[in-house]
Each structure stands twice: as C-alpha cells, then as structure tokens.
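The following exercises concern a protein chain with a ligand. Please work through each task before reading its solution.

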Amino acid sequence: MNVCVIGTGYVGLVTGACLAEIGHQVVCMDDDARKIEILLSGGMPIYEPHLEGMVKRSRAAGRLHFTTDVGEAVREATVIFICVNTPPLPDGEADLTYVELATRRIAEHATHSPLITEKSTVPVQTGAWIEKTLAIYGNRPGVEFDVASNPEFTREGMAVEDFLHPDRIVVGVSTARAEQILRELYAPIVAGRFRCPIHADCRQDRAVPFLVTDLRSAELIKHASNSFLAMKISFANALADVCELAGGDILQVAEGVGLDKRIGRAFLNAGIGFGGSCFPKDLKAFVKIAERSGHDFALLREVDRINERRREMVLEKLKRALWILRGKRIGLLGLAFKPNTDDVRQAPALAIARRLLEEGAEVRGYDPQAASKARQVIPTLTICADPYEVVAQAEAVILCTEWAEFLALDWPRMKGQMVRPLILDGRNALDREKLISFGFEYIGIGR
Ligand code: UDX
C-alpha cells in the first residue's frame, strides 16, 4: 500500500519505518529540511533502538523515502498519517496549528481520494475538524476524503517493539472504506506475518486485537489510556509518601497490590515522577478537554499535582540529609526522562537540576544518551564523561534515570570519589542492602 507520513518526529519516523518494514511503500515528509537532510544522508535525528537498521534496510530496498515536498509525498498515497507535533499552549491545551496546516496541504495536493489518519495525540473532535477542513479546502471533483483516528500507544525506547507487537490496534472510522484500508494496512501485524527485525525466533501466538470504534471514541481511548497510566504512577507515589509516614515499604506494598490481576504490577513504580513528551502534556490537555465539555476532572488535576510535587520531595529529602545545599556538589545519574532514550522533555532529572541550581548547589550530571540534549536545555549544568566523574568530590548523588549501566556500577569506586557517600535512589532501582554494606547512606522513596 502507498503510505504517506507527515511529520518525522518520534511517532512519524517510527510509523513510517515500521510500515515500510512490513512491506508497504512509504514516503515520510517533514518541513524541517535539516532533519530530512540527516535522514537522507543515512543519519538518525533521534535515538530509538532498532530504528536505524530498519530505516537503512527499507531505504536500500526502495520502500522508504524522505522528502520536504508535501505534494510529492501526498500524490500517490492511499493512506496519509498526520504525525505532526501538538505542543502545549500556556493554558495546557494542545496547539493544533500544525494539524490544521497538514490537513490544508493534503486538501490542496491530493489528486485522488486518500484516507487521512490522525496519529498525533489530539483532543477529541479533532477528526471532525479535519473532516470540515478537508471539505472546505479540498472540494474538487473526483477527490473525496475519508478521515480516521489511529492512536499511537508506543513507548519511547520501546517504540519499534510496541509498534510491531502491540497490545491492540485501535481505529476510529466513519466509513467502511476507511476500516477496510486500515485492516489491510495492519494485516501483517495483526496476524504476525512479517519478519521480525527484533527477535529472530519471533512467534506470535495470537492475533493482535483490532478494535474498530467511532472517531471520537478512538480519540478518547488515547487520552484515557495515558491518563490512567499517569494516575497509576501518581497513586504509587502518594502511597510511597504514606509508606514513609506510616512505616512500610512501597516495594512490598506495590508487589502485594500488583499481584491482583485486576490491578497489575506495571506502572506502580514510585519515584521522582513521570516525565516525557506525553504524560505531563496529555494529562493537562485532557483536563482542559473535559473542562471545555463541562466536566471538572478533579481526579486528573490531582494526578498532575502529585507528580509536580515529586521534584520538591527530592529537594526536601536532600535538605534533611545535607542541611545546606548552597556550594555543595551534587551528582545526577541519568538525565533522560526514562532509560533507553535521549529525550529530556519534561525530564524529572532536569527539573531537579534546575531546583538544585536555584538553591546554589553545584550540579553535575551524566547520561549515556541524553547528555547533549540536557546541555542545550540547561547550559549551567556540568556534563561529565562518566558516572565516576559525576561523583568526584560530591556530597550526594541522585539516581534520576534507571539506566541498566547504573545498576552495574563499581560502587566502592564511586564511594571512594565522594566527599560524603550519600545516595538518593530516585527510582528505587539500586540494591539498598548492598550499598549500605559498602558504607553508603542510602535514601530511597517510600521505604
Ligand atoms: C507513554 C505511554 O506509555 C505510551 O503508551 C504513549 O504512547 C506515550 O506515553 P513514554 O512517555 O514513552 O510512553 O514513557 P513510559 O514508559 O510510559 O514512561 C513515562 C514516564 O513515567 C517516565 O518518566 C517513567 O520514568 C515514569 N514511570 C513509569 C514511573 O515513574 N513509574 C512507573 O511505574 C512507570
């Protein structure tokens, strides 16, 4: 099938590369000429496991193309994905300028009758706006548009895996033709009929659920899924606070609670809170959407508030241990918002770095992938070449991102570098007993 993807950010590039991988003919388009230049010269604008190899293979096979020319991208496409960014406005609402722009350009350039599919995270009723926009600007004989919503549930760092082996595929459609096109497009993934680029011996033992809904319900499913997961994390964080006050261990409590199949253990990890380009933004946007529809989603406002408070909680813990922060050197292990990504958007580590700098501390950080992005955001943050340099002469070290390499550090060597061997384990990821046996003062979360 001929596929066009507008926007080559995390979602667009992964969508394009994965659809090419399963055999479709894909053109990815972006206005950012520099990004397209990087891709055309064989580079990657983002770090995402497996992506680079897939892009290389599909380009060599002539199935994946990159361009800045929207006309060229749209012309042959049976299905066009809108994957542009929807940044937050100051009041939390999503800015849909780029979605409208993409829609108008499609309306202008389409020569036959493509299916327009929204994949960017957008407020409910965006599909209806896209339909209206196409009707106004693309009203030509012989051209008819279908609109669908196909929300994306991939996690950064796991995006290729999640795209090719999803828990479910949701499509919101208003016509049988739209459903048919998307069924055909995803058929190889639903049936596990493609050569998996990740696992050589990959065998899918069941068909992936393919859920067909109306447009608005599909849009709401995306918001509801992200908000629910964010709510689980904030619940675990609030529970961690109670554990500390009442005397309990959040790790044991989460295990006991999570063993209930109705609840599940995933996303009950307490710590310094959630970040990234999705949860914080989508949560605020959903609160706004509900508000506009006349509902005060107070539950989700509290989820957001609990998350914001996590950063301050770290400062409080540190002050309780160190008394004065001014002039003290504090090390941060991990700057990305989570492991296996170079993304620092809304990263709790950077919020903590900023607060520590405000308090007059000297902050040094290390991250296996996100260092240069972090430096761009906070130029006053000293970036180190390795974890041992981070803790040299430090009075405390905070684990902000649980990269696997931090779990295997030479901790006695780390301790030898520090003025005071104090560790704040912001993700409850380290072996507390072992660290204490090495002579560290260990502070966890909710333990
Ligand atoms: C999320 C959703 O998981 C995905 O379905 C959606 O498409 C996009 O948003 P992502 O932002 O890539 O994906 O990261 P995710 O793995 O969900 O983690 C989000 C944040 O929550 C991270 O900062 C992570 O550290 C934090 N987190 C996660 C916790 O603090 N505790 C947990 O138990 C789980």
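**Exercise 1. The setting of Glu152**

Determine whether Glu152 is buried or exposed, and identify its surroundings.

Solution. Step 1: Glu152 has a relative accessible area of 8% and is therefore buried; buried means under 20% relative accessible area, exposed over 50%, and partly exposed in between, with a 1.4 Å probe and protein chains only. The model is predicted: local features need pLDDT of at least 70 and side-chain atom pairs count only at pLDDT 80 or more, whereas totals for chains, interfaces and linings use all residues. Residues are numbered from 1 along each chain as its sequence is written, and side-chain values use heavy atoms, with hydrogens and water left out.

Step 2: Glu152 sits in the loop between β6 (146-149) and α7 (159-164). Helices (H or I, at least four residues) and strands (E, at least two) are DSSP runs, numbered from the N terminus.

Step 3: Beyond its neighbours within four places in sequence, Glu152 is in contact (heavy atoms within 4.5 Å) with Val11, Thr15, Lys119, Phe163 and Lys222. With one of these, Lys119, the side chain of Glu152 forms a polar contact of 2.8 Å. A polar contact is a pair of N or O atoms within 3.5 Å; within protein, one must be able to donate a hydrogen and the other to accept it, and residues adjacent in sequence count only if both atoms are side-chain atoms.

**Exercise 2. Domains and the ligand**

Establish where the ligand lies relative to domain 1 and domain 2, and describe the shell around the ligand by class.

Solution. Step 1: The domain assignment gives domain 1 (2-213) and domain 2 (247-447); such bounds come from an automatic or database domain assignment. The C-alpha centres of domain 1 and domain 2 lie 33 Å apart, and 17 residues of domain 1 are in contact with 17 residues of domain 2.

Step 2: Both domains give residues to the shell around the ligand, so the ligand lies between them. Helix α9 (residues 215-246) gives the most to this shell, with 3 residues.

Step 3: The shell has 8 nonpolar, 5 polar and 6 charged residues. Here Ala, Val, Leu, Ile, Met, Phe, Trp, Tyr, Cys and Pro count as nonpolar, Asp, Glu, Lys and Arg as charged, and the others, Gly among them, as polar.

Step 4: Of the 19 residues around the ligand, Phe153, Thr154, Glu156, Asn269 and Phe337 come nearest; a residue is near a molecule or strand if one of its heavy atoms lies within 4 Å of it. A polar backbone atom of Phe153 is 2.8 Å from an oxygen atom of the ligand. For Glu156, the distance from a polar backbone atom to a ligand oxygen is 2.6 Å, and for Asn269 a backbone N or O atom lies 2.9 Å from an oxygen atom of the ligand. Taken alone the ligand exposes 660 Å², and the protein buries 92% of that; accessible areas come from the Shrake-Rupley method with a 1.4 Å probe, and for residues only the protein chains shown count as cover.

**Exercise 3. Helix α13 and what covers it**

Which residues of helix α13 are buried, and what covers them?

Solution. Step 1: In helix α13 (residues 348-358), the buried residues are Pro348, Ala349, Leu350, Ile352, Ala353, Arg355 and Leu356.

Step 2: Their cover includes α12 (298-322), β9 (329-333), β10 (362-366), α14 (371-377) and β12 (396-399).

Step 3: Gly360, just after α13, takes a positive phi of about 90 degrees.

**Exercise 4. Residues far apart in sequence**

How far apart, C-alpha to C-alpha, are Leu322 and Ala396, and Glu161 and Cys18?

Solution. Step 1: Leu322 and Ala396 are 74 residues apart in sequence and 8.4 Å apart in space. Leu322 belongs to helix α12 and counts as buried at 4% relative accessibility. Its contacts beyond four places in sequence are Lys328, Ile330, Glu395, Ala396, Arg420 and Leu422.

Step 2: Glu161 and Cys18 are separated by 143 residues in sequence and by 9.6 Å in space. Glu161 lies in helix α7 and is partly exposed, with a relative accessible area of 23%. The side chain of Glu161 makes a polar contact of 3.1 Å with the side chain of His199.
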